[in-house]
Amino acid sequence: MDVGRVWLYRTASAVVLVTAVGIAPSGEAMAQDVHAAEVAAAASAPTYYGAVKGVLDRNCVDCHRENPASVGGMVAPFALTAYENARRRAGSIARAVRTDYMPPWDADIQHKGLFKNERYLSDEEKQILVDWAAAGAPKGDPSEAPAVVSSPNVVAVEPTVAPDGSVWMMGMPDMVVGFDKPINVCSEVEDWQPQVPQHVIWGNITEPKWIRATEISAGPIVHHTVSSILGVGTPGRGPFVFPKGWGILFLPDTYMSISMHYHKKAGPGTETVDDTRGGIQFYQDGDTINYVVETELQPYTDFTIPAGDPNYAVHNVTHFDEDVYLLSMGPHAHYRGKAVRIELKRPDRPFRETLLWVPHYDFNWQFQYELKEPYLIPAGSSMYITWWYDNSADNPYNPDPTANVTYGPATTDEMMNARIYFARTKPLGLVAGGEIPPELIARASAADARARRAAQQWEAGSESCGKDVASR
Ligand code: HEC
């Protein structure tokens, strides 16, 4: 496998910073330009069927679609699939794209092309939506409508309904996990992040298995979820499928726990229940397993963010003493998290390369940044993680700018995590259903014990509905 080299080339080009130098035109020239631009815009304001529909189809409708609750992933609040529903929201669409609130994606533009689940809107596409709203959302001519081009993220398959009624885009799961009983999300809740244990609902196993794909099936008030086994669930997220021959070793009785983020309007009558489930597909007996996928939270706990500090940095470093392939990165902090950078220092290079730069971290969106190609981290490398926090009153999400903040499970505490998925590079040539080397079992058990200890500590803080709750 030669994936490392492809990546290196990409990374090298991704760290080059290109600075556009704008030369300000003279006042008179500028006035003429603006006038010319206005004339051009008035003559050719984009119409829904002419240009807007294509932009929405490619970038928005895999989340903003009809009957969102009926498909497997989590969902956006309204559809943008037809002229009428887009026209009514033209103003908020323009605002959402101008402020980069939509489509949701936090990685810097320098990473364009690197992550398989990326969502970037080009400047031209943004301008089309803004100009369309400014022109009063004209309809245009339906016969001009482009053929529907869906986003590359869309999973174009019919959902499968499992025996327990859960709905899946990945096809029938072999195992479904869920809560002991549905969770009551009380009327006071606007945002709530409990850490909840999950158990096998059906498809229990008695022998170790290899996970090939997972998916989260959640209701409409679920904003996102984070689970070490199931991965990260965000709106529009389909199944989480490992490359062929790559899998997580799943032992019987593995401890499972999921961090939920419920988001809804608060107030009388809004109380509801949630019954989020996770689906797992295993490799079939006889399939080859070459790479054992492991996950590491890389937590760092020894910090205090001073009250009022607008830009406090915390550093952590992980050393690699074996070659590994990196599959994905999922940084996690709470409301004071402001930005995060993950860098790699290889033993054969004098500089650190940037693997991930998130200049405006948004706690509401938890992304697992999945590399298109696994990335080789050579033995002797160090991964440097830097988080910046805004603990000032200028941070509108800050629950208390007068508090000195330390690591902890409640959303009013902070975290400094950077979950990675990775695999050691030596192809193992194992066969699913066959012998599993004892050291792999031991490593999976150790990871299970760590996850159990960490999650149980957070679950303890999760019980009340709506306040002082844990997250991860
Ligand atoms: C990954 C899924 C996803 C994609 C892709 C997406 N949205 Fe959204 N959108 C959401 C969710 C979920 C919300 C609800 C916001 C929240 O709860 O924070 C939302 C909210 C909105 C809102 C309301 C914002 C407000 O002011 O409350 C607008 C407008 C919007 N989206 C437009 C768009 C447009 C236009 C695109 C494409 C350019 C797009 N969205 C792409 C998931 C998505």
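The exercises below, each with a worked solution, concern a predicted model of a single chain.

**Exercise 1. The chain as a whole**

Describe the chain by its helices and strands, by the share of residues that count as buried, and by the share of contacts made between residues 24 or more positions apart.

Solution. Begin with the secondary structure, where the chain has seven helices and 26 strands. Turn next to burial, for which 38% of the 472 residues count as buried. Finally, take the contacts with a separation of 6 or more, of which 81% join residues that are 24 or more positions apart.

**Exercise 2. The setting of Ile-377**

Locate Ile-377 in its strand, decide whether Ile-377 is buried or exposed, and list its contacts beyond its neighbours in sequence.

Solution. Ile-377 belongs to strand β22, which covers residues 369–377. Counting around Ile-377 gives 23 other C-beta atoms within 10 Å; the cut-off for a buried residue is 20 or more, and Ile-377 is therefore buried. Once neighbours within four places in sequence are set aside, the residues in contact with Ile-377 are Phe-320, Asp-323, Val-324, Leu-326 and Leu-344. As for Lys-345, which lies 32 residues away along the chain, its C-alpha atom is 9.3 Å from that of Ile-377.

**Exercise 3. The packing of α5 and α6**

Give the geometry of the packing between helix α5 and helix α6, and then the residues that make the contact.

Solution. The axes of α5 (residues 90–98) and α6 (residues 123–134) are 8 Å apart, at an angle of about 145°, and the crossing is left-handed. From α5 the contact draws on Ala-90, Gly-91, Ile-93, Ala-94, Val-97 and Arg-98, and from α6 on Lys-126, Leu-129, Val-130, Trp-132 and Ala-133. Sorted by class, the contact has eight nonpolar, one polar and two charged residues.

Methods:
Residues numbered from 1 in each chain as written. Predicted model: local features only at pLDDT ≥ 70, side-chain atom pairs only at ≥ 80, totals over all residues. Helix = DSSP H or I, 4+ residues; strand = E, 2+ residues; numbered from the N terminus. Buried ≥ 20, exposed ≤ 12 C-beta atoms within 10 Å, placed from the backbone. Contact = placed C-beta atoms within 7 Å. Axes fitted to C-alpha atoms, helices over the stretch in contact; angles between N-to-C directions. Left-handed = near helix turned anticlockwise from the far one by under 90°. Nonpolar A, V, L, I, M, F, W, Y, C, P; charged D, E, K, R; others polar.
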